[in-house]
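Visitor: I would like to learn how to read a structure of this kind, one feature at a time. Where do we begin?

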Amino acid sequence: MKNITKIQLGQNGPFVSKLGLGCMRMSSIWGGPTPDKSESIATIHEALDSGINFLNTGDFYGAGHNEMLIGKAIKDRRDEAFISVKFGAIFYNGQPIGMDFRPVAIKNFINYSLMRLGIETIDLYQPCRMDGSVPVEDIIGTIADMIKEGKVRYLGVSEITPDQLRKANSVYPVSALEIGYSLADRQIESDLLPTAKELGVGVVAFANTAEGLLSGTMKAPLAADDYQNHFPRFQGDNLTKNLEKVEVLKQMAEEKGYSPTQLAIAWVNQQGDHIMPLVSMSRRSRLPENIAAMDITFTPEEMNTLNTTFASGAILGGTYLQR
Ligand SMILES: NC(=O)c1ccc[n+]([C@@H]2O[C@H](COP(=O)([O-])OP(=O)(O)OC[C@H]3O[C@@H](n4cnc5c(N)ncnc54)[C@H](OP(=O)(O)O)[C@@H]3O)[C@@H](O)[C@H]2O)c1
């Protein structure tokens with residue numbers, strides 16, 4: 001077993017592996033095909049064997065499919081896994097149709113999540129967004145009540161503003177902020193990251209590869225059926241110019257003997273002791289590469305090259321992350 005570094009989420013929060021396993025892509029999210037279930041379960045098992053205990057899901061990932069998959073995988077290994085669940089997004093026929101953060105809905109959602117996961121307590125429970133339809137205090141207050149009831153252990157939040165984070169933390173201590181963060185998406189550095197640091201909130205950073213842009217395998221134009229075509233970042237001139245930036249990452253990866261994805265994960269990992277990369281891995285073959293990325297360091301010159309090439313705003317066009 002590899003001894004993966006542990007980090008504490010929040011000031012009095014849990015210790016979890018500094019690399020998280022994102023399980024979202026183990027289910028059909030936008031109505032596409034469902035990946036091989038047995039390989040997904042084998043990946044979760046191998047992640048646990050490797051010391052990765054942080055498993056991330058949402059009750060809307062595959063309309064409950066993702067939670068049932070994780071429930072099956074951890075059936076005899078509950079004590080080894082730390083389960084993080086998001087709620088609030090409503091999908092119908094593979095398409096998002098709205099959000100629901102009413103306290104009565106949250107109390108309903110969690111019962112179904114616990115049943116699908118086959119567990120009695122969710123380790124980290126978090127609204128997937130805060131859309132203003134329900135006051136922050138009411139959403140967080142509802143989760144705080146569920147912590148008292150024993151259905152939840154720790155409070156998390158996802159994709160929220162600095163003001164919302166402060167408000168949430170004033171109602172109940174926030175252990176973790178789940179947020180999209182990569183070399184290509186750095187806008188949170190100006191205010192949200194400093195707020196999280198000031199409040200002592202752990203950062204669970206997803207989309208480290210920026211929808212595959214930083215994997216170094218993308219070519220312009222994308223195939224007509226690639227889902228990334230929906231985002232301006234991957235369209236026309238934007239994609240051509242963005243891939244020129246990625247060439248710098250590719251060259252550095254080659255010189256250092258790693259893959260561009262490994263450097264993209266390593267860069268996120270190096271941004272702070274309280275920041276953990278949360279990476280989608282639906283096959284076992286991804287694990288050794290991504291675990292090895294956690295040991296990569298950069299010289300000051302290399303860091304400077306990356307930070308200059310991928311300065312905030314350098315990547316053109318957004319994805320769903322533009323806030
Ligand atoms: N809070 C939110 O709003 C939110 C939004 C999106 C996602 N999330 C969570 O964050 C997790 C990660 O986010 P993400 O999936 O958007 O981004 P990601 O981790 O950057 O994954 C994108 C793609 O990278 C691939 N990949 C992983 N390791 C690789 C490697 N070594 N080389 C090449 N490709 C590699 C994955 O492929 P395979 O799947 O084929 O292994 C995946 O399709 C999700 O699983 C989910 O749990 C949260």
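**Helix contacts, core and backbone**

Guide: With a contact between two helices: P103, I106, K107 and I110 in helix 3 meet D138, I139, T142 and M146 in helix 4. By class, the contact of helix 3 with helix 4 has five nonpolar, one polar and two charged residues. The model is a predicted one.

Visitor: At what angle do helix 3 and helix 4 pack, and how far apart are their axes?

Guide: Helix 3 covers residues 103–117 and helix 4 residues 136–149; they pack at an angle of about 40 degrees, with axes 9 Å apart. That angle makes helix 3 oblique to helix 4. As for hand, helix 3 passes helix 4 in a right-handed crossing.

Visitor: Which residues of helix 2 and helix 3 meet?

Guide: On the helix 2 side they are E67, M68, I70 and G71, and on the helix 3 side S113, R116 and L117. Sorted by class, this contact of helix 2 with helix 3 has three nonpolar, two polar and two charged residues. Helix 2 spans residues 65–73, and it packs against helix 3 at an angle of about 40 degrees, with the axes 7 Å apart. The two are therefore oblique to each other.

Visitor: How is the contact of helix 8 with helix 9 divided by class?

Guide: Start with the geometry and the members. The axes of helix 8 and helix 9 (residues 286–293) come within 8 Å and cross at roughly 45 degrees. Angles from 65 to 115 degrees would count as roughly perpendicular and those under 35 as roughly parallel; helix 8 and helix 9 are therefore oblique to each other. Helix 8 passes helix 9 in a right-handed crossing. In helix 8 the residues are T261, Q262, I265 and A266, which meet E289, N290, A292 and A293 in helix 9. The residues of this contact of helix 8 with helix 9 divide into four nonpolar, three polar and one charged.

Visitor: T261 is in that contact. Is T261 buried or exposed?

Guide: The value to read is relative accessibility. T261 counts as buried because its value is 15%, and the cut-off for buried is under 20%. T261 lies in helix 8, which runs over residues 260–269. Leaving aside neighbours within four places in sequence, T261 is in contact with T209, L214, S215 and N290.

Visitor: Which residues touch the most other members of the largest nonpolar core?

Guide: That core has 94 residues, and Y125, L165 and L213 touch the most other members. Not counting residues up to four places away in sequence, Y125 touches V85, F87, I106, F109, I110, I143, M146, V152, Y154, L155 and G156. Apart from the largest core lies another, of 14 residues, among them I7, F82, Y154 and A176.

Visitor: I143 is on the list for Y125. Where is I143 placed?

Guide: I143 is in helix 4. With a relative accessible area of 0%, I143 is buried. Beyond four places in sequence, I143 touches F87, Y125, P127, V152 and L155. For a longer view, the C-alpha atoms of I143 and S259 are separated by 40 Å, and the two residues are 116 apart along the chain.

Visitor: What does P194 count as, by relative accessibility?

Guide: P194 counts as partly exposed, at 39% relative accessibility. Its place is in helix 6, residues 192–199. Leaving aside neighbours within four places in sequence, P194 is in contact with I188 and E189. The C-alpha atoms of P194 and L263 are separated by 23 Å, with their positions 69 residues apart along the chain.

Visitor: What should a reader look for in the backbone?

Guide: Most residues other than glycine have a negative phi, and most peptide bonds are trans. A63 has a positive phi of about 50 degrees although it is not a glycine. It is found in the loop between strand 4 (54–58) and helix 2, and at 70% relative accessibility A63 counts as exposed.

Visitor: What is phi of A210 near, and is A210 buried or exposed?

Guide: Phi of A210 is near 55 degrees, a positive value in a residue other than glycine. A210 is buried, with a relative accessible area of 1%. Its place is in the loop between strand 11 and helix 7.

Visitor: Which peptide bond is cis?

Guide: The bond from A220 to P221 is cis, with omega near -10 degrees. P221 is found in the loop between strand 11 (202–206) and helix 7 (236–256).

Technical notes: Residues are numbered from 1 along each chain as its sequence is written. This is a predicted model: local features need pLDDT of at least 70, side-chain atom pairs count only at pLDDT 80 or more; totals for chains, interfaces and linings use all residues. Side-chain values use heavy atoms; hydrogens and water are left out. Axes are lines fitted to C-alpha atoms, for helices over the stretch in contact, and angles run from 0 to 180 degrees between N-to-C directions. Angles under 35 degrees count as roughly parallel, over 145 as roughly antiparallel, 65 to 115 as roughly perpendicular and the rest as oblique. A crossing is left-handed if the near helix is turned anticlockwise from the far one by less than a right angle, and right-handed if clockwise. Contact means heavy atoms within 4.5 Å. Ala, Val, Leu, Ile, Met, Phe, Trp, Tyr, Cys and Pro count as nonpolar, Asp, Glu, Lys and Arg as charged, and the others, Gly among them, as polar. A nonpolar core is a set of buried Ala, Val, Leu, Ile, Met, Phe, Trp, Tyr and Cys residues joined through side-chain atoms within 4.5 Å. Buried means under 20% relative accessible area, exposed over 50%, partly exposed in between (1.4 Å probe, protein chains only).
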